[in-house]
Amino acid sequence: MNLFSKSNARAEPERVQQIKTWIYELLQLDLDTPISIIQLRCNEPGCPLLETAIAVMTVPTKTYKIHKSIAEIAFTDIARTLQQK
């Protein structure tokens with residue numbers, strides 16, 4: 001079982017860019033800081049069908065998971081997740 005397999009559901013590039021914009025604003029990052037957002041499928045019992053993994057390439061790299069697909073993520077999800085770390 002591959003927990004890190006990519007889902008077949010493709011995220012819209014505009015939606016990914018919106019999420020990145022929220023992260024840049026909330027973390028007050030320089031726009032040169034890379035952010036990676038990937039949607040993953042989870043096949044484990046009790047795990048959501050899709051989850052989103054976010055990596056902010058600072059030193060050290062910061063990683064976050066949101067148990068929703070990219071299409072379902074709202075600004076409040078990003079704000080809450082970033083505050084938890």
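Is Lys68 buried, exposed or partly exposed, and at what relative accessibility? In this predicted model, Lys68 counts as partly exposed, with 30% relative accessibility. Its side chain meets that of Asp77 in a salt bridge, with N and O 3.0 Å apart. Asp77, in contrast to its partner, counts as buried, at 5% relative accessibility. The cut-off for buried is under 20% relative accessible area, and values between that and 50% are partly exposed, so the two ends of this pair fall into separate classes.

Asp77 also takes part in a second salt bridge. Its partner there is Arg80, and the closest N and O atoms are 3.6 Å apart. Both Asp77 and Arg80 belong to helix H2, residues 75-83, where they are three residues apart, about one turn of the helix. Arg80 is partly exposed, its relative accessible area being 46%. Through shared partners, the salt bridges join Lys68, Asp77 and Arg80 into one network. In that network the buried residue Asp77 is bonded in salt bridges to Lys68 and to Arg80.

Across the whole structure, the search finds three salt bridges. One of them pairs the side chains of Lys65 and Glu51, at 3.6 Å from N to O. Lys65 sits in strand S3, residues 62-66, and Glu51 in strand S2, residues 50-56, so this salt bridge ties together parts that are 14 residues apart in sequence. Here again the accessibilities can be set side by side. Lys65 is partly exposed, with a relative accessible area of 47%, while Glu51 is buried, with a relative accessible area of 6%.

Helix H2, which carries Asp77 and Arg80, also packs against another helix. How do H1 and H2 cross, and at roughly what angle? The axis of H1, residues 13-27, comes within 10 Å of the axis of H2, and the two cross at roughly 40°. Angles under 35 degrees would count as roughly parallel; the crossing angle therefore makes H1 oblique to H2. The crossing is right-handed.

Which residues form the contact between H1 and H2? From H1 come Ile19, Trp22, Ile23, Leu26 and Leu27, and they meet Phe75, Ile78, Ala79 and Leu82 of H2. Sorted by class, this contact has nine nonpolar residues, no polar ones and no charged ones. Asp77 and Arg80 of H2 form a salt bridge with each other, whereas the H2 residues listed for the contact with H1 are Phe75, Ile78, Ala79 and Leu82.

Conventions:
Residues are numbered from 1 along each chain as its sequence is written. This is a predicted model: local features need pLDDT of at least 70, side-chain atom pairs count only at pLDDT 80 or more; totals for chains, interfaces and linings use all residues. Side-chain values use heavy atoms; hydrogens and water are left out. A salt bridge is a side-chain nitrogen of Lys or Arg within 4 Å of a carboxyl oxygen of Asp or Glu. Helices (H or I, at least four residues) and strands (E, at least two) are DSSP runs, numbered from the N terminus. Buried means under 20% relative accessible area, exposed over 50%, partly exposed in between (1.4 Å probe, protein chains only). Axes are lines fitted to C-alpha atoms, for helices over the stretch in contact, and angles run from 0 to 180 degrees between N-to-C directions. Angles under 35 degrees count as roughly parallel, over 145 as roughly antiparallel, 65 to 115 as roughly perpendicular and the rest as oblique. A crossing is left-handed if the near helix is turned anticlockwise from the far one by less than a right angle, and right-handed if clockwise. Contact means heavy atoms within 4.5 Å. Ala, Val, Leu, Ile, Met, Phe, Trp, Tyr, Cys and Pro count as nonpolar, Asp, Glu, Lys and Arg as charged, and the others, Gly among them, as polar.
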